[in-house]
Amino acid sequence: MVATAAPSPSGCQHCGIDQREHMQRWKPPAGWHQWTAPTQDQIKTRMRARRANRKEQ
């Protein structure tokens, strides 16, 4: 099974792209947006997903 890469824990709240690479992006349903800090729940979920992906490999 191939694991998909989880977004960076500190990536954008809407699309998961790191702040440094973000600039302005479009993603439904947010549309055009600037980098927005992720919520604490998003950070926790992303960290758990990355950890689970490491264990599968």
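Visitor: What does the side chain of Arg-46 reach, and at what distance?

Guide: Look for a polar contact, meaning a pair of N or O atoms within 3.5 Å; within protein, one must be able to donate a hydrogen and the other to accept it, and residues adjacent in sequence count only if both atoms are side-chain atoms. Here the Arg-46 side chain gets to the backbone oxygen of Gly-11, at 2.8 Å. Keep in mind that this is a predicted model, where local features need pLDDT of at least 70, side-chain atom pairs count only at pLDDT 80 or more, and totals for chains, interfaces and linings use all residues. Residues are numbered from 1 along each chain as its sequence is written, and side-chain values use heavy atoms, with hydrogens and water left out.

Visitor: Which side chain of opposite charge is nearest to Arg-46?

Guide: Lys and Arg count as positive and Asp and Glu as negative, while His and the chain ends are not counted. A salt bridge needs a side-chain nitrogen of Lys or Arg within 4 Å of a carboxyl oxygen of Asp or Glu. For Arg-46 the nearest candidate is Asp-18, 7.3 Å away, and there is no salt bridge although Arg-46 is buried. Buried means under 20% relative accessible area, exposed over 50%, and partly exposed in between (1.4 Å probe, protein chains only).

Visitor: Where does Arg-46 lie?

Guide: Helices (H or I, at least four residues) and strands (E, at least two) are DSSP runs, numbered from the N terminus. Arg-46 sits in helix 2, residues 40–56. Its contacts (heavy atoms within 4.5 Å) beyond four places in sequence include Pro-7, Gly-11 and Pro-38.

Visitor: Why does His-22 count as buried?

Guide: Because its relative accessibility is 1%. His-22 belongs to helix 1, residues 19–22, and its side chain makes a polar contact with that of His-33 at 3.2 Å. Among the other residues His-22 touches are Cys-12, Cys-15 and Trp-35.

Visitor: What is the phi of Met-23, and what joins Pro-28 and Pro-29?

Guide: Most residues other than glycine have a negative phi, and most peptide bonds are trans. Met-23 is not a glycine, yet its phi is positive, about 55 degrees. Met-23 is in the loop between helix 1 and strand 1, and is exposed at 74% relative accessible area. Pro-28 and Pro-29 are joined by a cis peptide bond, with omega about -5 degrees. Pro-29 falls in the loop between strand 1 (24–27) and strand 2 (31–34).

Visitor: In what order do the elements run?

Guide: From the N terminus on, they go α-β-β-α.
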